[in-house]
Amino acid sequence: MKKPLLAAALSFVTHLLLAQNQILPLYPGTIPDSKPSSVQEKSIKVADGTERISNVVQPTLAVYQPEKGKANGTAVIICPGGGYSRLSIDGEGREVAQRLNTMGVTAFVLKYRLPDDLSQVDKSIAPLLDAQQALRMVRQQAAKYGVNPQRVGIMGFSAGGHLASTAGTHFTKPVGDTKDNTSVRPDFLVLLYPVISFSDSLKHAGSRDNLIGKTPDAAQTKLYSNELQVSAQTPPTFLVHAQDDKTVPVKNSIVFYEACLHHQVPAEMHLYPKGGHGFGMHNKTTKDDWVASLQNWFDANGWLTK
């Protein structure tokens, strides 16, 4: 390898390592909605070499910053999926953050708590507590990371999409007991093959069972069916899904899009005939690149302008 190329490669690797080393605890002190337990975080490598994390008890934000001089002030908090039982932290987290960095977007990968009766007082609110705290943190530390506090969005895959869409529809009454009045309303939503509805016809059973239990009451089912929680204040939304998704029915995205239409919320949706579930950034059934479309959407809305 020629010296200039080697230097460039080393510079890029160094940049990624520095970004990955910025791991911020989500809470400065006591973690809300937690209780003493023997639960310990677990990490495994799956067949493709990527990491899966479960039993999260110490939620964190991993900071990924664009190369020096390229940041445009927009930030995205990324919620990996995994059915509210684990986090696909690589393909739906770290790799996505690195791609966003190439757009000049500062990315924050959220390692949020997964619902757990043993370590949480109320497992149904723990993930949302963490997502809302992440939004507060990014806004409060905006100057440190070169972020515009009015350009902070949230992105989620699968069950992480449910969490992101919950953050985008439940912000008027933040969960938990906090006197912090920092806004927890995301400025935009990016939802990838998201779990949206907990209705019997559209639910992803694992996500619903894990978050609100196997026998939820009608009020809680409605509360977390986010297509029913869309309002005129819901942020602009970008959706991606595949028609042949057998894990999370494509109608989850469709009903959220229809709710956005009803409330005149700007929304863009990309549906593929094939791709299944969990394709991350790479739907191998098409030459179309949804991330490029996302970049165009960011650009059209002024979020790539410095």
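The lining of the largest cavity is made up, by class, of six nonpolar and three polar residues, with no charged residues. This cavity belongs to a predicted model, and the briefing below moves from the cavity to helix α3, then to two cysteines and finally to Ser231.

**The cavity and its lining**

- The count comes to one cavity of 30 Å³ or more, and the largest cavity has a volume of about 40 Å³.
- Rolling a probe the size of a water molecule over the atoms is what shows where empty space is left.
- The residues that line the largest cavity are Tyr84, Ser124, Pro127, Leu128, His162, Leu163, Thr166, Leu211 and Tyr224.
- Two helices, α3 and α5 (residues 159-167), each supply at least two residues of this lining, and α5 gives the most, with three residues.

**Helix α3**

- Helix α3 covers residues 126-140, and because each of its 15 residues is taken to add 1.5 Å, counted over one less than the number of residues, the helix should span 21 Å.
- The C-alpha atoms at the two ends of α3 are in fact 21 Å apart in the model, which agrees with that expected span.
- Of the 15 residues of α3, 14 are buried, so the helix is largely enclosed by the rest of the structure.

**Cys79 and Cys260**

- A disulfide is a covalent bond between the sulfur atoms of two cysteines.
- The structure holds zero disulfides, and Cys79 is accordingly in none, with the nearest cysteine sulfur, that of Cys260, lying 17 Å away.
- Seen from the other side, the closest cysteine sulfur to that of Cys260 is the one in Cys79, and the 17 Å between them is too far for a bond, given that the two sulfur atoms of a disulfide have to be within 2.5 Å.
- Cys79 has a relative accessible area of 0% and is therefore buried, and Cys260, at 0% relative accessibility, likewise counts as buried.

**Ser231 and its surroundings**

- Ser231 is found in a loop, the one that runs between α7 (residues 218-223) and β10 (residues 237-242).
- Because its relative accessibility is 22%, Ser231 counts as partly exposed, a class that lies between buried, under 20%, and exposed, over 50%.
- When its neighbours within four places in sequence are left aside, Ser231 is in contact with His263 and Val265.
- Ser231 and Gly168 are 63 residues apart along the chain, and their C-alpha atoms are separated by 9.7 Å.

Conventions
Residues numbered from 1 in each chain as written. Predicted model: local features only at pLDDT ≥ 70, side-chain atom pairs only at ≥ 80, totals over all residues. Heavy atoms only, no water. Helix = DSSP H or I, 4+ residues; strand = E, 2+ residues; numbered from the N terminus. Buried < 20%, exposed > 50% of the residue type's maximum accessible area, 1.4 Å probe, protein only. Contact = heavy atoms within 4.5 Å. 1 Å grid on protein atoms, 1.4 Å probe; cavity = no way out; pocket = protein on both sides within 12 Å on 5 of 7 lines; lining within 4 Å. Points joined across faces, edges and corners; volume = space filled by probe spheres on them. Nonpolar A, V, L, I, M, F, W, Y, C, P; charged D, E, K, R; others polar.
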